[in-house]
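Good morning, and thank you for joining this group meeting. I would like to take you through one structure, with attention to its helices, its charged side chains and a few single residues.

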Amino acid sequence: MYAPSEAARRSGFSLDTLRYYEKIGLLSDVGRTSGGRRVFTDDDLGWLVLFRCLRDTGMPIAQMCRYAELAREGEHTVSERKALLERHAAQVEEQMRLLQRQYDHLRGKIRYYEGLSDQD
């Protein structure tokens, strides 16, 4: 069991984000101590690792919620979950190609300026 501050540290999310994810149902059934304080399990941290990946790769919250909802519905949703992740992966690949083109352009501009400074 992990206190909220430890779950935040391990996941890289802020305490506010953890509360928000719980409020919107992205994280469900977060445990409570007898005093009412939230406690996170290894399973919760596993979800947070996945949410970090999805968020960092640009998945909208609505899609993250849909994925979590499908996962909680059970094994009969595996193909729908897989399709959701495949669509997202295709979008990530396109973004990576765009970033590579932009990076190559930047590097070319840097080489241009390096060539000018070599002439000084």
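I shall begin with the basis of the model, then turn to helix packing, charge pairs and individual positions.

This is a predicted model, in which local features need pLDDT of at least 70 and side-chain atom pairs count only at pLDDT 80 or more, while totals for chains, interfaces and linings use all residues. Residues are numbered from 1 along each chain as its sequence is written, and side-chain values use heavy atoms, with hydrogens and water left out.

Let me start with the helices. Helices and strands here are DSSP runs numbered from the N terminus, with H or I over at least four residues for a helix and E over at least two for a strand.

Helix α3, residues 42–56, packs with α4 at an angle of about 145°, and their axes are 11 Å apart. On the α3 side the contact is made by Trp 47, Leu 50, Phe 51, Leu 54 and Arg 55, and on the α4 side by Met 64, Tyr 67, Ala 68 and Ala 71. Contact means heavy atoms within 4.5 Å. Axes are lines fitted to C-alpha atoms, for helices over the stretch in contact, and angles run from 0 to 180 degrees between N-to-C directions. The crossing of α3 and α4 is right-handed. A crossing is called left-handed if the near helix is turned anticlockwise from the far one by less than a right angle, and right-handed if clockwise.

Helix α4, residues 61–73, also packs with α5, at an angle of about 160° and with the axes 9 Å apart. The two helices, α4 and α5, are therefore roughly antiparallel to each other. For this term, angles under 35 degrees count as roughly parallel, over 145 as roughly antiparallel, 65 to 115 as roughly perpendicular and the rest as oblique. The crossing of α4 and α5 is left-handed. Here Gln 63, Arg 66, Tyr 67, Leu 70 and Ala 71 of α4 meet Glu 80, Arg 81, Leu 84 and Leu 85 of α5.

I turn now to charge. How many salt bridges does a search of the whole structure find? The search returns 10. A salt bridge is a side-chain nitrogen of Lys or Arg within 4 Å of a carboxyl oxygen of Asp or Glu.

One of them joins the helices just described: Glu 80 pairs with Arg 66, the closest N and O atoms being 2.8 Å apart. This pair links distant parts of the chain, with Glu 80 in helix α5 and Arg 66 in helix α4, 14 residues apart. Glu 80 is partly exposed, at a relative accessible area of 38%, and Arg 66 is partly exposed at 30%. Buried means under 20% relative accessible area, exposed over 50%, and partly exposed in between, using a 1.4 Å probe and protein chains only.

Another salt bridge lies within helix α1, residues 4–11, where Glu 6 and Arg 9 are three residues apart, about one turn of the helix. Their closest N and O atoms are 2.7 Å apart. Glu 6 is partly exposed, at 22%, whereas Arg 9 is exposed, at 58%.

In helix α5, Arg 97 forms a salt bridge with Glu 94, with the closest N and O atoms 2.9 Å apart. These two residues are also three residues apart, about one helical turn. Arg 97 is partly exposed at 43%, and Glu 94 is partly exposed at 38%.

Is Arg 81 buried or exposed? Arg 81, in helix α5 (residues 78–118), is buried yet has no salt bridge, and the nearest side chain of opposite charge, Glu 75, is 4.5 Å away. Lys and Arg count as positive and Asp and Glu as negative, with His and the chain ends not counted. Leaving aside neighbours within four places in sequence, Arg 81 is in contact with Tyr 67, Leu 70, Ala 71, Gly 74 and Glu 75. Glu 75 is found in the loop between α4 and α5 and is exposed, at 66%.

Two further positions complete the tour. Asp 29, in the loop between α2 (15–23) and β1 (31–32), has a positive phi of about 55° although it is not a glycine. Most residues other than glycine have a negative phi. Asp 29 is exposed, at 75%.

Met 1 is found in the segment before α1 and is exposed, at 72%. Not counting residues up to four places away in sequence, Met 1 touches Val 39, Phe 40 and Thr 41.
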